[in-house]
Amino acid sequence: MTGTIRPPNILYLHSHDTGRYIEPYGFGLRSPHLQRLAEGGVTFRRAFCAAPTCSPSRAALLTGQTAHQAGMIGLAHRGFRLNDPRQHLATTLRDAGYETVLAGVQHLTSDDPRELGYTTVHPKAHERTGATVAAAVATIREAAANRGQPFFLDAGFFETHRPFPKAPERAD
């Protein structure tokens, strides 16, 4: 048998503070669109959090290293950085021939996300669900029409992030 196995497209959906308490993970919070997506793809069911905050945890997942090895020991928006941004999964996949697309939040760099290996970065305004979904759908439709290069689409959502009240002024 001859032929080439086409690499799979990869859709990485993530959100802040959602947890596993949604339908695809067996919990009661209905999420029919995510459930349908999970039924047609692969869902991580034995995942764990590698760090207590988002930037270090995402760094571990997307570099394959512990947060300390990757250099992300704090939050990106507080100035922490990866030791080597090229160790991000987007760089690995880009170098393997993937179109690497970011729609929405990523929270691993405060600089240009292209340093992580993304070939396409939708504008920062795509931090809200409607705009992120529109950008993601456009990417998927374009890939389906071209039927060539596989894609890694990183779609990050912020809406489920818990609100943090402003800290009160210190009384001296």
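In the predicted model, L102 stands opposite V121 of strand β3, and on the β4 side the bridge partner of L102 is D154. L102 thus offers a convenient entry to the sheet, since strand β2, which spans residues 99-104, is joined to strand β4, residues 151-157, by six bridges in a parallel arrangement, while β2 and β3 pair, likewise in the parallel sense, over two bridges. Further positions along the pairing with β4 are given by T100, which stands opposite F152, and by A103, which stands opposite A155.

Taken as a whole, the sheet is open and consists of four strands in the order β1-β4-β2-β3, with parallel pairing. Its edges are formed by β1 (10-15) and β3 (120-121), each of which pairs on one side only. The pairing of β1 with β4 is parallel and extends over six bridges, and within it S15 has F157 of β4 as its bridge partner. In general, the strands of a sheet pair through backbone hydrogen bonds, in either a parallel or an antiparallel manner.

The sheet is set within a chain of five helices and four strands, whose elements follow one another from the N terminus as β-α-α-α-α-β-β-α-β. Of the contacts in the chain with a separation of 6 or more, 58% are accounted for by residues 24 or more positions apart. Buried residues make up 36% of the 172 residues, and the chain exposes about 11400 Å², of which carbon and sulfur atoms supply 57%.

Burial was examined for two of the strands. In β2, which is mostly covered, five of the six residues are buried. In β4, seven of the seven residues are buried, so this strand is largely enclosed by the rest of the structure. In a regular strand the side chains alternate between the two faces of the sheet. For β4, F151, L153, A155 and F157 point one way, whereas F152, D154 and G156 point the other way, and all of these residues are buried.

The surroundings of one β4 residue, L153, illustrate this enclosure in more detail. L153 has a relative accessible area of 0% and is therefore buried, the cut-off for that class being under 20%. When its neighbours within four places in sequence are left aside, L153 is in contact with I10, L11 and Y12, with V101 and A103, and with A136, T139 and I140. For I140, which lies 13 residues from L153 in sequence, the C-alpha to C-alpha separation from L153 is 8.4 Å.

Two of the residues that contact L153, namely L11 and I140, also take part in a nonpolar surface patch of about 370 Å², which is made by L11, L13, L34, L37 and I140. At least two residues of the nonpolar patch are supplied by β1, and at least two by α1 (32-39). Among the residues of the patch, L34 has its place in helix α1 and shows a relative accessible area of 38%, so L34 is classed as partly exposed, a class that lies between the limits of 20% and 50%.

Notes
Residues are numbered from 1 along each chain as its sequence is written. This is a predicted model: local features need pLDDT of at least 70, side-chain atom pairs count only at pLDDT 80 or more; totals for chains, interfaces and linings use all residues. Side-chain values use heavy atoms; hydrogens and water are left out. Two strands pair if DSSP finds at least two bridges between them. Buried means under 20% relative accessible area, exposed over 50%, partly exposed in between (1.4 Å probe, protein chains only). Contact means heavy atoms within 4.5 Å. Accessible areas come from the Shrake-Rupley method with a 1.4 Å probe; for residues, only the protein chains shown count as cover. Patches are made of residues with over 30% relative accessible area and no salt bridge: like charges are joined within 9 Å, nonpolar side chains (Val, Leu, Ile, Met, Phe, Trp, Tyr) within 5 Å. A salt bridge is a side-chain nitrogen of Lys or Arg within 4 Å of a carboxyl oxygen of Asp or Glu.
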